[in-house]
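Here are some notes on the structure, set out as numbered points. Please read them with the sequence and the model side by side.

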Amino acid sequence: VHESGLAIEGLFTGPEAMIFSGDLPIYPVPLKFNAGVFFCRGEDARALMAEWRALYPSKLWHKSAGQWNFQEHVWAGLAYEQGSFAEKLYPKYAGTPRFRPLPWRQLQSPYPLPESLTLHFANMFRPNAILYLNALKGR
């Protein structure tokens, strides 16, 4: 959480079970759901998590020497959390009152923007995490 003055609970303003945002617009095909940062609450969210978990094709994953490996590697495809949600659950629940998107700048930004509640240091932005933490130490 970047903006500690804002309470996560304050994001829930109605019957939302899940609050999320999409990919940054820099990606070639930005998905409308990014699994990096999202928030859930209540029994509806618990049911949604169970539905999501059931989408994982366990036969394609195996654990070897303490590491999980995927047999048919398609990054963020259907066998990954983001791909499975974006392709299977987003179309099913988009536009419902219990499923509320926020702008990516609020939840997925790799930079501390004025409107950022959380930051997400995905792939090429991982070095930003070190810079961000060092900047916090200097305060």
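1. Is Phe33 buried or exposed? The model is a predicted one, and in it Phe33 has a relative accessibility of 0%, so this residue counts as buried. Phe33 sits in the loop between S1 and strand S2 (39–40).

2. Phe33 belongs to the largest nonpolar core, which has ten residues in all. The other members are Met18, Phe20, Ala35, Leu48, Trp52, Phe85, Leu89, Tyr90 and Phe99. At least two residues each come from strand S1 (18–21), helix H1 (42–53) and helix H2 (81–93). H2 gives the largest share, with three residues. In soluble globular proteins, nonpolar side chains tend to be buried together.

3. Met18 is a useful core residue to inspect for its neighbours. Leaving aside residues within four places in sequence, Met18 is in contact with Phe33, Leu48, Trp52, Phe85 and Phe99, among others. Its contacts also include Phe12, Phe38, Phe39, Cys40, Met49, Arg98 and Arg100. Another core of eight residues lies apart from the largest one, and Leu11, Phe12, Phe39 and Leu107 are among its members.

4. Aromatic pairs deserve a separate look. Across the whole structure, a search finds 13 of them. One is formed by Phe20 and Tyr90, edge-to-face, with 6.0 Å centre to centre and 85 degrees between the planes. Because Phe20 lies in strand S1 and Tyr90 in helix H2, this pair ties together parts that are 70 residues apart in sequence. Phe20 counts as buried at 1% relative accessibility. Tyr90 also counts as buried, at 19%, but the cut-off is under 20%.

5. Phe33 and Trp52 form another edge-to-face pair, at 5.6 Å centre to centre and 80 degrees between the planes. This pair links distant parts of the chain, with Trp52 in helix H1 and the two residues 19 apart. Trp52 counts as buried, at 6% relative accessibility. Ring pairs link both residues into a cluster with Phe20, Phe38, Phe85, Tyr90, Tyr93 and Phe99.

6. Next, the sheet. Three strands form an open sheet in the order S2-S1-S5, and the pairing is mixed. S2 and strand S5 (99–102) are at the edges with a single partner strand each, so each has one side without a neighbour in the sheet. S1 and S5 run parallel and are joined by four bridges. The bridge partner of Phe20 in S5 is Pro101.

7. What is the relative accessible area of Ser21? The value is 0%, so Ser21 is buried. This residue is found in strand S1, and a polar contact of 3.5 Å joins its side chain to that of Gln108. Leaving aside neighbours within four places in sequence, Ser21 is also in contact with Lys32, Phe33, Asn34, Leu102, Pro103, Trp104 and Leu107.

8. Helix H4 (residues 126–137) has buried and exposed sides. Asn128, Ala129 and Tyr132 are buried in this helix. Viewed down the axis of H4, the buried residues fall within an arc of 105 degrees, so they line one face of the helix. Ile130, Leu131 and Lys137 are exposed on the other side of H4. An α-helix has 3.6 residues a turn, so residues three or four places apart point the same way.

9. One backbone angle should be checked by eye. Ala65 has a positive phi of about 55 degrees, although this residue is not a glycine. Most residues other than glycine have a negative phi. Ala65 is found in the loop between strand S3 (61–64) and strand S4 (67–70). With a relative accessible area of 82%, Ala65 is exposed.

10. The last point concerns the segment before S1, where Glu9 is found. Glu9 has 61% relative accessibility, so this residue counts as exposed. Glu9 and Ile26 are 17 residues apart along the chain, and their C-alpha atoms are separated by 29 Å.

Conventions
Residues are numbered from 1 along each chain as its sequence is written. Side-chain values use heavy atoms; hydrogens and water are left out. A nonpolar core is a set of buried Ala, Val, Leu, Ile, Met, Phe, Trp, Tyr and Cys residues joined through side-chain atoms within 4.5 Å. Buried means under 20% relative accessible area, exposed over 50%, partly exposed in between (1.4 Å probe, protein chains only). Contact means heavy atoms within 4.5 Å. The arc is that of the directions from the helix axis to the C-beta atoms. Rings of Phe, Tyr and Trp (its six-membered ring) pair if their centres lie within 6.5 Å; planes under 30 degrees apart count as stacked, over 60 as edge-to-face and the rest as tilted. Two strands pair if DSSP finds at least two bridges between them. A polar contact is a pair of N or O atoms within 3.5 Å; within protein, one must be able to donate a hydrogen and the other to accept it, and residues adjacent in sequence count only if both atoms are side-chain atoms.
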